[in-house]
Amino acid sequence: LTLNGKITGTGSATFCGNHDAGITVTGAGNDWSGGTLVNGTFLNAAAASALGTGPVVVTDASGGAGRLYMTNLGAINSTASVAILGVMVTDQTGIYITANGNVTWGSLEGNGRVWYGPGYGSPGTLSIGGNGNSTGFDGIIADNIQANIYSVLTLSKTGGGTFTLTGEALNTGGVNVNGGTFVVNGKVSGQVTVNSSGALTR
């Protein structure tokens, strides 16, 4: 299923169904504000503002994992809260960034997986926290350095809130704490750099 027209309004959108079939959103400039739920299906967000202006939740269902593929870096609004609620570890419910470059989300919470892997020699930065919300994440943040691909991801904490990591930040680009507080109760594999407006707590 492909949706290529504009989606607008104040309601929410739920994408569900057979995750093997998948859904693709190619319409740019979508501006519905009620939020997006990816529930046990595969959703390809292939245009700027594909998922409107509201919060985004990715979760699994009895039929399988929920996966959001970001083939456009601006598919999620830069101030939106993002939650991944996955219990099906083997199916790796999460958000997969497959475009090359930088991504900004208002906040990140939940569990599941955030994965960056657009291709050979493609560094990028995921910035979270700009909406000021304090959140926690018990999942995995990773990039693709297998088979000499070297898609290196840097995690940047911005804004005034607190981000508590109880999961694992395995991304090889490390973490930059540019604002608020970054609390590590889990694992960080790369270098952590704390700038003047940020704080690190372990």
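The paragraphs below go from the sheet of this predicted model to its nonpolar core and then to a single buried serine.

The sheet is an open one built from nine strands, and following it from one side to the other gives the order β1-β3-β5-β7-β9-β12-β15-β18-β21, with parallel pairing. At its edges lie β1, which covers residues 2-3, and β21, which covers residues 187-188, each of them pairing on one side only. Within this order, strand β3 (residues 23-25) and strand β5 (residues 42-45) run parallel and are joined by three bridges; Ile-23 has Leu-43 as its bridge partner in β5.

Leu-43 also leads to the core, since it is among the residues in contact with Leu-68. Leaving aside neighbours within four places in sequence, the other contacts of Leu-68 are Ala-45, Leu-51, Val-56, Val-58, Ile-76, Gly-94, Ile-95 and Tyr-96. The largest nonpolar core holds 41 residues, and those that touch the most other members are Leu-68, Ile-76, Ile-95, Trp-105 and Leu-108.

Strand β11, which spans residues 107-110, contains Ser-107. Ser-107 counts as buried because its relative accessibility is 2%, and the cut-off for buried is under 20%. The side chain of this buried serine makes a polar contact, at 3.2 Å, with the side chain of Asn-131. When neighbours within four places in sequence are left aside, the residues in contact with Ser-107 are Ala-80, Ser-81, Val-82, Gly-129, Asn-131, Asn-133 and Thr-135, so that Asn-131 appears both in this list and as the partner in the polar contact.

Note on methods
Residues are numbered from 1 along each chain as its sequence is written. This is a predicted model: local features need pLDDT of at least 70, side-chain atom pairs count only at pLDDT 80 or more; totals for chains, interfaces and linings use all residues. Side-chain values use heavy atoms; hydrogens and water are left out. A nonpolar core is a set of buried Ala, Val, Leu, Ile, Met, Phe, Trp, Tyr and Cys residues joined through side-chain atoms within 4.5 Å. Buried means under 20% relative accessible area, exposed over 50%, partly exposed in between (1.4 Å probe, protein chains only). Contact means heavy atoms within 4.5 Å. Helices (H or I, at least four residues) and strands (E, at least two) are DSSP runs, numbered from the N terminus. A polar contact is a pair of N or O atoms within 3.5 Å; within protein, one must be able to donate a hydrogen and the other to accept it, and residues adjacent in sequence count only if both atoms are side-chain atoms. Two strands pair if DSSP finds at least two bridges between them.
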